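Hi,

Here is the structure I promised to pass on. Have a look around it first, then read my notes below.

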Amino acid sequence: MIYVLAFVIAWFLSVLQASAMPYLHVLGVTPDFVLIFAACFAVMRSQDEALVVVPIAGLLRDLATSDPLGTSLLGFAPLIVLAAAVRLRSMDSRFVPAIAVVAAGTVSHAVISVLVLALTGQRIDAGDAVIRVVLPLTIVNPLFTAIVYLPMSWIPRAKRPRMSG
């Protein structure tokens, strides 16, 4: 059930990202709610669930945008590793780690996207991309994390049966 719900949320955010979000500019960039959702999901849910949902979110994002198919899949892959690294440190809340994963994931996604676009033959000015896109997104995406994190915290986790013995 969680996979169907995650698919619907990722699809909705992908469509929103491609249709309405370009009209919302904060610091000259548009917040990436699909990336924020994928990062929050990777932090809040199990690694097994994240290994399924994060790639689906990346593919749905690519299908809704003009990016080459698979760019966001590659760009979102570090989110799972970053979330696993965050789990090594026990904290009372997962909100601060989610913000950290969103910020680091934004940087890794931007770097991977620029590399993919450069490899497909598009002319990319790396310095300009860092100053005008990567740095502002690294500030904006974590600021918008609470909008995605709070509703996701209401989704109950499945209880796993305990083994007796």
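Let's start with a small puzzle: does Val 4 count as buried or exposed? Val 4 counts as exposed, at 52% relative accessibility. The cut-off for calling a residue exposed is over 50%, so Val 4 makes it into that class. You will find Val 4 in helix H1. Keep in mind as you read that this is a predicted model.

**The overall picture**

The protein has seven helices and zero strands. Read from the N terminus, the order of elements is α-α-α-α-α-α-α. Along its principal axes, the C-alpha trace spans about 60 × 30 × 30 Å. For 165 residues, a compact globule would have a radius of gyration near 15 Å, and the 16 Å of this protein agrees with that.

How much of the protein is buried? Of the 165 residues, 40% count as buried. I also looked at contacts between residues at least 6 apart in sequence: 72% of them join residues at least 24 apart.

**Helix H7 and what covers it**

Helix H7 runs over residues 145-153, and its buried residues are Thr 145, Val 148, Tyr 149 and Met 152. Why do these residues line one face of the helix? Seen down the axis of H7, they fall within an arc of 95°, so they line one face. The spacing makes sense if you recall the geometry: an α-helix has 3.6 residues a turn, so residues three or four places apart point the same way. The cover over the buried residues of H7 includes helix H2 (33-44), H5 and H6.

Two residues let you see this packing up close. Thr 145, in helix H7, is buried at 0% relative accessibility. Leaving out residues up to four places away in sequence, Thr 145 touches Ile 36, Cys 40, Phe 95, Ala 98, Ile 99 and Val 102.

Ile 36 sits in helix H2, and Ile 36 also counts as buried, at 0% relative accessibility. With the same neighbours in sequence left out, Ile 36 touches Val 102, Asn 141, Phe 144, Thr 145 and Val 148. Try finding Ile 36 and Val 148 in the viewer: they are 112 residues apart along the chain, yet their C-alpha atoms are separated by 7.0 Å.

**Around Ile 80**

Next, go to helix H4 (residues 71-87), where Ile 80 is placed. Is Ile 80 buried or exposed? Ile 80 is buried, with a relative accessible area of 10%, and the cut-off for buried is under 20%. Apart from residues up to four places away in sequence, Ile 80 touches Gln 47, Ala 50, Leu 51 and Val 54. Take Gln 47 from that list: Ile 80 and Gln 47 are 33 residues apart in sequence and 7.2 Å apart in space, C-alpha to C-alpha.

For another pair, go back to the residue from the opening puzzle. Val 4 and Ile 80 are 76 residues apart in sequence and 19 Å apart in space, C-alpha to C-alpha.

**A pair within a helix**

Ser 113 lies in helix H5 and is buried, with a relative accessible area of 12%. How far apart in space are Ser 113 and Phe 95? They are 26 Å apart, C-alpha to C-alpha, with their positions 18 residues apart in sequence.

**The largest pocket**

The largest pocket has a volume of about 630 Å³. Which elements give two or more residues to its lining? They are helix H1 (2-19), helix H5 (95-119) and helix H6 (126-143). In total, 26 residues line the pocket, and Arg 61, Asp 67, His 109, Val 133 and Leu 137 lie nearest its centre. By class, the lining has 13 nonpolar, eight polar and five charged residues.

**One odd backbone angle**

Last, look at the loop between H1 and H2, where Leu 27 is placed. Phi of Leu 27 is near 55°, which is a positive value in a residue other than glycine. Leu 27 is also exposed, with a relative accessible area of 57%.

Enjoy exploring!

How values were computed
Residues numbered from 1 in each chain as written. Predicted model: local features only at pLDDT ≥ 70, side-chain atom pairs only at ≥ 80, totals over all residues. Heavy atoms only, no water. 1 Å grid on protein atoms, 1.4 Å probe; cavity = no way out; pocket = protein on both sides within 12 Å on 5 of 7 lines; lining within 4 Å. Points joined across faces, edges and corners; volume = space filled by probe spheres on them. Helix = DSSP H or I, 4+ residues; strand = E, 2+ residues; numbered from the N terminus. Nonpolar A, V, L, I, M, F, W, Y, C, P; charged D, E, K, R; others polar. Buried < 20%, exposed > 50% of the residue type's maximum accessible area, 1.4 Å probe, protein only. Arc of directions from axis to C-beta. Contact = heavy atoms within 4.5 Å. Rg over C-alpha atoms; globule rule 2.2 N^0.38 Å.
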